[in-house]
Amino acid sequence: MKSIKYIIIVILCLTAFASRAQEKKLQLEIGGGYGLSGLSGKIENGSISPGMGYQLSLNGKYFFTSNIGVGIGAGYSAYSSKAELTTYSANIASTDDENENFEYRIAASGIKEEQKLSALEIPIFLAYRKSLSEKLGLFGNVGLNFSLPLSA
């Protein structure tokens, strides 16, 4: 719910930006994607496999020249993975209520875990555009993308 509030605030801020988007110096873009995503990590006696994820973003750009500009935006991303342990065992030495020593043993197999992460993303970048013809052009962005976890 918190992420929706952040996205609404950013959309309202960029709406003011978009109201001037008819000028050639300003550009507004909406983007998104869907596909395999993965949270990386290593598991002893197991494996991690990627799951499906998606991303939605809204970016605004201001061009100083006809080709070079700066941009900022906001987005929401969701990532998922599945982890599986084939075997797990542990031995822990302990003492009971009567001060007698014993060994606590744990053994398990086939443990499965679903890992999910959602994040608010704020890209800050340099933008490049080059018109090749009236209907064809090149576009590129280089910069930083700050991800703030919303839930994990």
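These are my notebook entries on a predicted model, covering confidence, the sheet and a surface patch.

**Confidence**

I looked up the confidence before reading any geometry. The chain has a mean pLDDT of 84, and 85% of its residues reach 70 or more. I then asked where in the chain confidence is lowest and where it is highest. The lowest value belongs to helix α1, residues 2-18, with a mean of 61. The highest belongs to β5, at 91. Where pLDDT is low, predicted coordinates should not be read in detail. I therefore took no detail from helix α1, given its mean of 61.

**Sheet order**

I traced the strands next. Five of them form an open sheet in the order β1-β2-β3-β4-β5, and the pairing is antiparallel. Which strands lie at the edges? They are β1 and β5, the latter covering 137-151, and each of them pairs on one side only. From one strand to the next, I noted an average twist of 15°.

**β1 with β2**

I went through this pair by its bridges. Strand β1 spans residues 26-37 and strand β2 spans residues 46-63. Twelve bridges hold the two in antiparallel pairing. I looked up two partners by name. L26 has Y62 in β2 as its bridge partner, and Q27 has K61 in β2.

**β2 with β3**

I moved across to the other neighbour of β2 in the strand order. Strand β3 covers residues 68-95 and runs antiparallel to β2, with 15 bridges between them. How many residues make up the hairpin that joins β2 to β3? The hairpin has four residues. For F63, I found the bridge partner G69 in β3.

**Nonpolar patch**

I turned to the surface. Y34, L36, M52, Y54 and L56 make a nonpolar patch of about 590 Å². I asked which strand gives the patch its largest share. The answer is β2, with three residues. Both β1 and β2 supply at least two residues each. The patch thus draws on two strands that pair with each other, β1 being an edge strand.

I checked one patch member, L36, on its own. L36 sits in strand β1. Is L36 buried or exposed? L36 counts as exposed because its relative accessibility is 66%, and the cut-off for exposed is over 50%.

I kept one general point beside this entry. In a regular strand, side chains alternate between the two faces of the sheet.

Note on methods. Residues numbered from 1 in each chain as written. Predicted model: local features only at pLDDT ≥ 70, side-chain atom pairs only at ≥ 80, totals over all residues. Heavy atoms only, no water. Pairing = 2+ DSSP bridges. Axes fitted to C-alpha atoms, helices over the stretch in contact; angles between N-to-C directions. pLDDT = per-residue confidence, 0-100. Patch = residues over 30% accessible without salt bridge, like charges linked within 9 Å, V, L, I, M, F, W, Y side chains within 5 Å. Areas by Shrake-Rupley, 256 points an atom, 1.4 Å probe, with all protein chains shown as cover. Salt bridge = Lys/Arg side-chain N within 4 Å of Asp/Glu carboxyl O. Buried < 20%, exposed > 50% of the residue type's maximum accessible area, 1.4 Å probe, protein only.
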